[in-house]
Amino acid sequence: MRGTLTDQCYVDDILRSHVELLLNGLPGAIFQQDNAHPHTARVAQDFLRHFQTVPWPARSADLFPVELV
């Protein structure tokens, strides 16, 4: 992706074009993203309200939800 990732660009070019198709094809899938501004923008949160998401607490750079064995 070239240029700055705006809130609307994130929704149109990534969530709507890729993530929505993936999540609709995987029933029960859970989507997680970090606290980057485009991810926390109202337009992105409104779009994702139809999907199950995992919150990413502020200042949790070491948060890794997958347990490594």
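The chain has three helices and two strands, both taken as DSSP runs numbered from the N terminus (H or I over at least four residues for helices, E over at least two for strands). Walk along from the N terminus and the order reads α-β-α-α-β. Bear in mind that this is a predicted model, where local features need pLDDT of at least 70, side-chain atom pairs count only at pLDDT 80 or more, and totals for chains, interfaces and linings use all residues. Residues are numbered from 1 along each chain as its sequence is written, and side-chain values use heavy atoms, with hydrogens and water left out.

Now for the overall numbers. Of the chain's 69 residues, 23% are buried (under 20% relative accessible area; exposed is over 50% and partly exposed lies in between, with a 1.4 Å probe and protein chains only). The accessible surface adds up to about 5,400 Å², and carbon and sulfur atoms account for 56% of that (Shrake-Rupley, 1.4 Å probe; for residues, only the protein chains shown count as cover). If you take the contacts (heavy atoms within 4.5 Å) between residues at least 6 apart in sequence, 45% of them link residues at least 24 apart.

Next, the inside. The largest nonpolar core (buried Ala, Val, Leu, Ile, Met, Phe, Trp, Tyr and Cys residues joined through side-chain atoms within 4.5 Å) has 10 residues, among them Tyr-10, Leu-23, Phe-31 and Leu-48. Helices α1 and α3 (42–48) each put in at least two residues, and α1 gives the most, with five. Ala-44 belongs to this core too. Skip its neighbours within four places in sequence, and Ala-44 touches Tyr-10, Val-11, Leu-15, Pro-38 and His-39.

Two other core members are Phe-47 and Phe-51, both of them buried. What about aromatic pairs? The structure holds one (ring centres of Phe, Tyr or Trp, the last by its six-membered ring, within 6.5 Å; planes under 30 degrees apart are stacked, over 60 edge-to-face, the rest tilted). The Phe-47 and Phe-51 rings sit with centres 6.1 Å apart and planes at 40°, so this pair is tilted.

Finally, the charged side chains. Searching the whole structure turns up one salt bridge (a side-chain nitrogen of Lys or Arg within 4 Å of a carboxyl oxygen of Asp or Glu). Asp-12 and Arg-16 form this bridge, with their closest N and O atoms 3.8 Å apart. Both sit in helix α1 (residues 7–25), and because they are four residues apart there, about one helical turn separates them. Asp-12 is partly exposed at 32% relative accessible area, and Arg-16 is partly exposed at 42%.
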